[in-house]
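This briefing looks at enclosed space inside a protein structure and at the residues that surround it. Please read the sequence and the model first, and then go through the points below.

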Amino acid sequence: MVFAALSFAARPGDAVQVRGSNGSGKSSLLRLLCGLLEPARGEVRWRRRAVSARDAGFAGEVAYLGHACGMTGELTVLENLRFALHLTGRACTEAACREALGQLGLAGRENEHVRRLSQGQRRRLALARVLLSGRPLWLLDEPCDALDDGATRAFEARLAAHAADGGVAVVTTHRDIAGQGREPRRIDMDALDDAGELQPARRA
Amino acid sequence: MPANSSLLVGRELRLAARRPMDALSGLVFFVLVGSLFPLAVGPDAPLLVAIGPGVVWVAALLAVAISLHRLFEPDLDDGVLEQWLLSPHSLTGLVALRIAAHWLVCGLPLVAVGPVLALQYGLSPPAVAVLLAALLLGTPTLSLLGALGAALTLGLRGHVLVALIVLPLCVPVLVFGSSAVSAGQQGLPVGPQLSLLGACLSLAAFLCPWATGAALRLAVE
Amino acid sequence: MTTLDRAALPPGVRAHAAAAPTWRSLASPMRFEAWAGRALPWFAALAALLGVAGLVVAFGVAPTDHQQGDVYRILFIHVPAAWMSMFIYLVAALHAALGLVFRTRLSPLMARALAPTGALFTAIALWTGAMWGRPTWGAWWVWDARLTTELILLFLYLGYLGLVSAIDDPRRADRAGAIVLLAGVVDIPVIYFSVQWWSTLHQGASISLTAAPSMGHTMLAGLLLMTGACWAYTVAVALARVRRLIAEREAQWRLA
């Protein structure tokens with residue numbers, strides 16, 4: 001059992017940050033939220049419907065970034081991005097892909113094999129997929145892992161823009177992400193009391 | 001969906017081209033096993049003709065079995081499998097496409113090289129033709145069953161468990177396939193065996209992608 | 001051996017488990033564990049009784065066959081073992097299906113409890129088949145259709161047991177094992193048919209292990225007694241295993 005008795009709600013425009021030490025269950029929480037993991041007890045709801053990875057409706061609204069980047073080493077950056085977006089059911093023109101890559105500092109690397117990229121560059125590629133997918137719900141596991149300060153600030157700006165547009169994001173992170181306007185909600189996995197309630201908990 | 005299918009199959013083919021060892025290892029093993037038997041039993045021509053069909057089929061089975069662990073493992077490690085599960089596309093469809101691509105890359109070469117092996121065993125041209133047809137019908141079934149075994153044992157160490165689960169399930173294909181070729185060699189009708197192979201393929205094609213998808217969900221949890 | 005510590009259960013659960021069981025309530029693991037504990041000695045006694053009666057018939061009462069001598073008596077063990085090996089697989093697959101469809105917690109445990117006994121009976125069937133074959137056909141192993149299917153069945157059992165023991169996560173192990181059992185149960189008719197065909201193709205007249213002396217009443221009675229004994233033994237052993245599995249999983253379930 002990784003954690004118990006956690007209860008919270010997120011509204012449009014919320015960017016929830018999940019902090020905690022290693023093994024406290026941050027990644028498991030994200031996997032529960034996207035339906036990859038089933039809770040032993042309790043439920044997860046999105047738009048008042050129970051969440052399930054099998055549900056095409058829900059799958060069409062979530063963008064998940066896990067520990068691994070979801071990119072295949074033997075394919076090029078552009079190929080990976082296009083395939084990943086096709087998988088999410090969203091066709092993107094090559095121009096849009098190149099532009100997104102440029103914004104994340106990967107311009108000029110479109111035809112490089114992902115295998116040759118650094119960890120941070122792969123992370124940025126995965127973020128490009130999330131940004132281009134246009135989904136309302138972002139579930140990101142350590143998105144700023146291996147990113148330098150400039151890239152982190154750029155990501156924070158995009159996160160704030162997403163929240164301002166009415167999207168919801170749940171982000172696990174080691175370090176605090178600046179809210180850039182709106183104070184982010186924080187969940188500390190190490191500090192769950194018996195009731196597991198977030199202070200303050202608001203109903204969706 | 002058609003646009004997606006070609007894109008996804010294209011991805012598989014591209015990957016196969018860039019991971020040549022994955023694609024070739026099964027083929028190499030096939031030829032290796034086929035070459036070992038004459039060394040073991042002696043070059044007696046009638047004996048080789050008698051065991052030829054069986055040897056080719058066993059070699060094909062083993063070649064498929066050793067290529068299985070690369071079917072889903074790279075995607076599990078890269079995190080691509082999670083994206084599959086979270087895709088609005090049907091998982092069964094994605095799995096079916098992956099198995100089809102795997103067969104194109106690992107199974108079809110066996111179909112091409114099988115007749116060569118059969119000729120080495122001294123099988124007659126009609127028997128070789130039957131072998132071609134039988135391999136075309138049988139190797140996809142082996143890929144389908146193998147994918148189920150690979151998904152069930154995904155993430156577990158060791159390769160023997162996959163073989164233990166998959167090979168007993170493949171016995172009918174082995175029996176019908178090699179009996180078809182033996183019958184062809186003796187000039188007997190091969191219709192029943194080939195129809196049975198086709199029936200096995202239909203059953204596997206109907207059930208395996210769905211069951212493999214369910215097993216993949218379990219593996220990613 | 002892990003046993004369930006009832007004193008450590010929360011009071012509500014303890015009371016629930018102690019209430020008199022109805023058929024449906026037995027689906028609850030705690031109730032089942034209690035019932036199993038009470039039922040086990042009866043099944044064990046039944047197995048012993050039927051077993052003794054069966055062996056007496058097999059080795060004492062049944063007459064010596066003038067064709068096969070006393071060797072045929074091994075069939076009194078071989079045939080019930082073979083029947084049980086197939087029957088247990090079907091029952092385990094049924095539990096696997098129930099567990100997948102209805103998500104009952106007890107069903108995967110029943111499948112896990114039955115499988116080792118099924119594998120044991122399969123091994124006994126193979127071994128006694130060889131023991132019968134040696135004096136009768138002059139060979140330790142005959143590629144008879146039934147024996148070969150038993151061999152493949154043994155591999156299917158071993159595959160299931162290997163898979164559930166290799167997976168650490170109990171939920172994944174239960175469900176993956178269920179998929180394997182169901183794949184096997186779908187494939188077994190096909191395998192049996194193909195092996196039947198294969199053996200008639202290559203051996204002409206089928207040398208079947210059921211080409212035993214024609215069944216007199218005594219032989220039939222002996223077979224039924226031994227089958228009953230095997231069945232009761234299976235139930236007793238499965239109950240014991242399920243109790244142990246429930247005790248192991250209880251801590252996990254208490255949270256759910």
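By class, the lining of the largest cavity is made up of seven nonpolar, two polar and six charged residues. The model is a predicted one, and it holds six cavities of 30 Å³ or more; the two described here are the largest and the second largest.

**The largest cavity**
- The space in the largest cavity comes to about 240 Å³, and of the 15 residues that line it, B:E12, B:R19, B:D22, B:R70 and B:H102 are the closest to its centre.
- In chain B, α1 (2–18), α4 (69–78) and α6 (91–120) each contribute at least two residues to the lining of the largest cavity.
- With five residues, α6(B) gives the most to this lining.

**The second largest cavity**
- About 130 Å³ of space lies in the second largest cavity, which is lined by 13 residues, and those nearest its centre are A:F83, A:A84 and A:L87 from chain A together with B:R11 and B:V80 from chain B.
- Helix α3 (77–87) of chain A, along with α1 and α5 (80–85) of chain B, each supply at least two residues of the lining of the second largest cavity.
- The largest share of that lining comes from α3(A), which provides four residues.
- Sorted by class, the residues lining the second largest cavity are seven nonpolar, four polar and two charged.

Technical notes. Residues are numbered from 1 along each chain as its sequence is written. Chains are lettered from A and ligands numbered from 1 in the order in which they are written. This is a predicted model: local features need pLDDT of at least 70, side-chain atom pairs count only at pLDDT 80 or more; totals for chains, interfaces and linings use all residues. Side-chain values use heavy atoms; hydrogens and water are left out. On a 1 Å grid over the protein atoms alone, a cavity is a set of points where a 1.4 Å probe fits but cannot get out, and a pocket is an open set with protein on both sides within 12 Å along at least five of seven lines; lining residues have an atom within 4 Å of a point. Grid points are joined across faces, edges and corners, and a volume is the space filled by probe spheres set on the points. Ala, Val, Leu, Ile, Met, Phe, Trp, Tyr, Cys and Pro count as nonpolar, Asp, Glu, Lys and Arg as charged, and the others, Gly among them, as polar.
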